[in-house]
Amino acid sequence: MLDVLAAINKTTGNATVGEIHRLTSLDKATIVRMLTTLAHAGYIVRDSDSRTYRVTGKTLQLSVGYNRHQAIGAIVSEDLAQFRQSIGWPSDVSIFDEDAMLVIETSRETEPMRFFRKPGYRAPVLHTSLGRAYLAFCPEEERQAFLERAQKNPAPEFALARALDALEALLENVRARGYATMDESYSRENYESKFFSIGVPIRTHSQVFGAMNIIYLRRAMTPDAARDQFLVPLIEVADKLAAKLETHTGDIA
């Protein structure tokens, strides 16, 4: 049931049963039963005209007492805003959260709805530059624990976890280049192939805190041009954020 609630929360607007099915691979009849239960509990509401579902404010009760993301967001927000002004393109900062990258701060606020991702958005680990950058550089134990969970999850976003040779080749490439890019299928399904991204880990020599990206219009530049223009400043900002987070380890543990 939590998978259904998470799927609704992932959509930029109201979610249909079909969209939830695509994100979870659950049987549609099962999804409808779970939606009914969630609606009765007050966690979602149904729009009878559009036959779509959205989460309610009651879902915030599920995160009471968990404020690590807010603490990190407060630390990185000023630098992220300044970075947006300097390069002209928006960025996200995210942390790993069990089965997704949790976006905790973003500079996308003024973007069109199709492009907007508010803090709290859960980005797929295996399809986004955020997730790939983090997974390539995170501790081996954490990576293996994620893969074991992902391999048991039938949702399409975890399919790559069951193709280990292909995944390891992808991650080795990320390590060799020092950055990750968005999967083509994710760009197509979420942004109509209009946007792409480049991502790097936020890390010190001893710890990986998360990942950050830059999102840009594909018609404005090629992936190679984005790498040449953005990679160095992106790494510089990520390193700056990592150094700040390291000094606040006691506050964000």
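**Close-up 1. Strand β7 meets its neighbour β6.** In strand β7, glycine 199 is the bridge partner of alanine 180. This is a predicted model, and that goes for every view below. Alanine 180 sits in a very brief strand stretch: β6 covers residues 180-181. Together, β6 and β7 pair over 2 bridges, running in the antiparallel sense. Now check how covered β7 is: 8 of the 9 residues in this strand (195-203) are buried, so β7 is largely enclosed by the rest of the structure.

**Close-up 2. The hairpin of β7 and β8.** Stay with β7 and look at its partner β8, which spans residues 208-217. The two pair in the antiparallel sense over 9 bridges. One pair to pick out is phenylalanine 196, whose bridge partner in β8 is tyrosine 216. How many residues lie between the two strands of this hairpin? There are 4 residues between β7 and β8.

**Close-up 3. Strand β3 between β8 and β4.** Strand β3 (residues 92-97) runs antiparallel to β8, and 2 bridges join them. Valine 93 has methionine 212 of β8 as its bridge partner, while serine 94 stands opposite alanine 211 in β8. Turn to β4 (residues 100-106), and you'll find 6 bridges to β3, again in the antiparallel sense. Here isoleucine 95 is matched with leucine 102 as its bridge partner in β4. β3 and β4 make a hairpin with 2 residues between them, and glutamate 98 in that turn has a positive phi of about 70°. Is β3 mostly covered or mostly uncovered? It's mostly covered, with 5 of its 6 residues buried.

**Close-up 4. The whole sheet, strand by strand.** Put the strands together and you get an open sheet of 6, in the order β5-β4-β3-β8-β7-β6, with antiparallel pairing. Which strands stand at the edges? They are β5 (122-124) and β6; each has a single partner strand, so one side of each is left without a neighbour in the sheet. If you trace a strand along the sheet, keep this in mind: in a regular strand the side chains alternate between the two faces of the sheet.

**Close-up 5. The nonpolar cores.** The largest nonpolar core has 63 residues, and Phe146, Ile202 and Met212 have the most contacts inside it. Helix α9 (residues 223-247) gives this core its largest share, 9 residues. Apart from that core lies another, made of 14 residues that include Val4, Ala15, Met34 and Leu35. Zoom in on phenylalanine 146: setting aside residues up to four places away in sequence, this residue touches Phe96, Glu98, Asp99, Val125, Leu126, Leu135 and Phe158. You've met Glu98 already, in the turn of the β3 and β4 hairpin.

**Close-up 6. Helices α1 and α3 crossing.** Helix α1 (residues 2-10) packs against helix α3 (residues 28-41) at an angle of about 80°, with the axes 10 Å apart. That angle makes α1 roughly perpendicular to α3. Which residues make the contact? From α1 come Val4, Leu5 and Ile8, and from α3 come Met34, Leu35 and Leu38. Sorted by class, the contact has 6 nonpolar residues, with no polar and no charged ones. Val4, Met34 and Leu35 should ring a bell, since they are among the residues of the 14-residue core.

Definitions and conventions: Residues are numbered from 1 along each chain as its sequence is written. Side-chain values use heavy atoms; hydrogens and water are left out. A nonpolar core is a set of buried Ala, Val, Leu, Ile, Met, Phe, Trp, Tyr and Cys residues joined through side-chain atoms within 4.5 Å. Buried means under 20% relative accessible area, exposed over 50%, partly exposed in between (1.4 Å probe, protein chains only). Contact means heavy atoms within 4.5 Å. Two strands pair if DSSP finds at least two bridges between them. Axes are lines fitted to C-alpha atoms, for helices over the stretch in contact, and angles run from 0 to 180 degrees between N-to-C directions. Angles under 35 degrees count as roughly parallel, over 145 as roughly antiparallel, 65 to 115 as roughly perpendicular and the rest as oblique. Ala, Val, Leu, Ile, Met, Phe, Trp, Tyr, Cys and Pro count as nonpolar, Asp, Glu, Lys and Arg as charged, and the others, Gly among them, as polar.
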